[in-house]
Amino acid sequence: MINCIEINNLTKTYNNHDVLKNINLKLKDKKIIALLGADGSGKTTLLRLIIGLICPSKGNIITLNLNPVTNKNDLVKIIGYMPQKFGLYEDLTVIENLKLYSKLKKDESNFDELLEFTKLKPFKKRLAGKLSGGMKQKLGLACALIGKPKLLILDEPSVGVDPISRVDLLNLVKKTIDENTSVIWSSSYLDEAFNFDLSIILDKGKIIFEGSTLTLGDNLDKFEEKIINLMGGYKQKPSEIAKNYHVQEFKENCRVLAENLSKQYGDFWAVKNNSFCIQKGEIFGLLGPNGAGKSTTFKMMCGLIKPTKGKGYVMGIDVAQYPEKARSYLGYMAQKFSLYSRLSVLDNLNFFSGIYGLFGKDKKEKINRIIEVFELEEYKNTITSLLPLGFKQRLSLGCALIHQPPVLFLDEPTSGVDIIQRKEFWTHIKALSKMGVSVLVTTHFMDEAQFCDNISLFYNGEIIALDTPQNLIKKANAKNMNEAFFNLIKGAKKQ
């Protein structure tokens with residue numbers, strides 16, 4: 001078997017910082033390979049070097065027997081590339097995107113097969129910008145598959161995608177690729193490694209593991225434990241955020257209340273008749289597939305959009321009627337960041353602390369505390385758009401916590417961060433809940449869902465199950481929360 005990619009002594013440096021350090025790899029042809037690691041580990045840089053989008057600082061690469069720097073035009077014809085940020089034209093329809101990519105590849109493809117495989121045929125006249133996250137990923141994959149490439153590069157195709165859509169995407173790749181196609185699938189989800197021929201794990205620009213995933217353990221817990229050890233280990237510490245955190249008192253136990261909350265767009269109900277109560281110190285999980293209505297519910301409960309019907313209350317305040325007053329009790333970490341990308345880390349912290357009414361010595365102390373706890377000192381003067389995703393998440397959580405709100409809304413807070421950072425985030429969340437902070441959280445990591453006291457499972461805008469994680473697992477006749485999620489959604493689809 002020949003090598004699909006050969007990499008020798010590869011280093012890539014930006015601003016005197018080695019993003020990749022002395023990488024050596026020989027990847028066999030006709031394999032499906034997982035490239036794993038957190039944001040900032042070097043995955044995207046490595047993929048861009050492999051296909052010639054950027055040049056090495058040191059070392060050399062051979063991709064499909066071609067030098068990606070000197071033979072870039074020849075290489076483009078035989079590879080498919082799905083970038084991390086979709087690469088779609090959101091103001092074009094599904095079919096128009098496919099036709100455009102076909103022209104760029106100079107390929108006369110029959111799109112019916114691709115639309116059938118990706119289940120996008122009913123949506124071929126819909127604008128790409130109007131698709132759900134999972135559907136956008138499927139369209140991005142379809143565009144990358146045009147021309148039947150010999151090498152398919154997928155940069156985090158499953159980030160922010162629900163567990164069902166992740167499995168669908170993986171199955172689509174396996175079904176649609178030619179038997180002579182090699183695939184590199186980049187991901188921050190370690191559990192995906194069990195589906196591939198080979199796994200390569202990057203950490204801080206270095207390869208810390210290369211080989212079969214099964215050598216790391218036969219289940220995710222053992223696998224993650226060994227990866228954590230390879231990354232230098234993790235020792236759980238008490239939450240520094242929870243220390244000296246003052247939680248406002250409230251006469252009612254129900255801190256967050258939704259009463260028949262509904263949102264209609266034209267003939268489509270994004271959210272329909274949803275009711276729930278989050279008590280003092282409760283972690284309440286909002287789970288569901290992409291497009292189920294989770295983010296719409298968040299926006300209504302924050303006062304960012306008005307419900308068509310129903311009411312939402314935060315600390316007894318009607319959110320639709322008094323949005324600013326309700327938001328003063330709330331810390332909100334949005335899915336797509338509520339940060340100002342052109343401001344520095346310190347500027348963002350100053351801005352958010354200011355709008356939450358902090359000033360003087362108290363403001364300065366709280367900002368310094370956030371910088372210290374989330375290890376942002378090195379980046380405090382960095383423009384936020386230039387931060388690695390994991391540090392953006394740290395800053396976003398810090399901005400949500402800076403005024404010590406009694407209620408937290410966290411929309412996929414750990415998406416894209418490494419295992420150790422995920423553990424640290426949840427150490428803070430669980431410690432704050434013990435202090436009395438009420439938390440509404442969404443996540444696509446089902447192991448995290450088990451940290452919730454109660455879970456509301458959404459499908460097509462409606463609650464199909466509301467119970468503790470343990471009871472949902474029993475009801476779904478499942479071994480764990482991941483299996484319960486699949487079983488309950490599958491049952492809802494049948495109905």
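## Exercises on cysteines, a helix and a patch

A search of the whole structure turns up one disulfide (a pair of cysteine sulfur atoms within 2.5 Å). Keep in mind that this is a predicted model, where local features need pLDDT of at least 70, side-chain atom pairs count only at pLDDT 80 or more, and totals for chains, interfaces and linings use all residues. Residues are numbered from 1 along each chain as its sequence is written, and side-chain values use heavy atoms, with hydrogens and water left out.

**Exercise 1.** Find which cysteines form the disulfide, and say what the pair ties together.

Step one: the partners are Cys254 and Cys277, with sulfur atoms 2.2 Å apart. Step two: Cys254 sits in strand β10 (residues 254-265) and Cys277 in strand β11 (residues 268-279), so the bond ties together parts 23 residues apart in sequence. Strands here are DSSP runs of E, at least two residues, and helices are runs of H or I, at least four, numbered from the N terminus. Step three: Cys277 is partly exposed, at 29% relative accessibility. The scale goes like this: buried is under 20% relative accessible area, exposed is over 50%, and partly exposed is in between (1.4 Å probe, protein chains only).

**Exercise 2.** Work out why Cys4 has no bond to Cys55, then check Cys302.

Start with Cys4: the closest cysteine sulfur, in Cys55, is 19 Å away, too far for a bond. Cys4 is also buried, at 3%. Now Cys302: no disulfide there either, as the nearest cysteine sulfur, that of Cys399, is 15 Å away. Cys302 is buried too, at 1%.

**Exercise 3.** Decide how enclosed helix α8 is.

Count first: seven of the nine residues of α8 (residues 294-302) are buried, so the helix is largely enclosed by the rest of the structure. Among the buried ones are Phe298, Met300, Met301 and Cys302. Then look just past the helix: Gly303 follows, with a positive phi near 80 degrees.

**Exercise 4.** Place Asn348 and Tyr340, and say whether each is buried or partly exposed.

Asn348 belongs to helix α10 (residues 345-355) and is buried, at 0% relative accessible area. Skipping neighbours within four places in sequence, Asn348 contacts (heavy atoms within 4.5 Å) Leu339, Tyr340, Leu343, Thr384, Leu395 and Cys399. Tyr340 is in the loop between β15 (330-333) and α10 and is partly exposed, at 42%.
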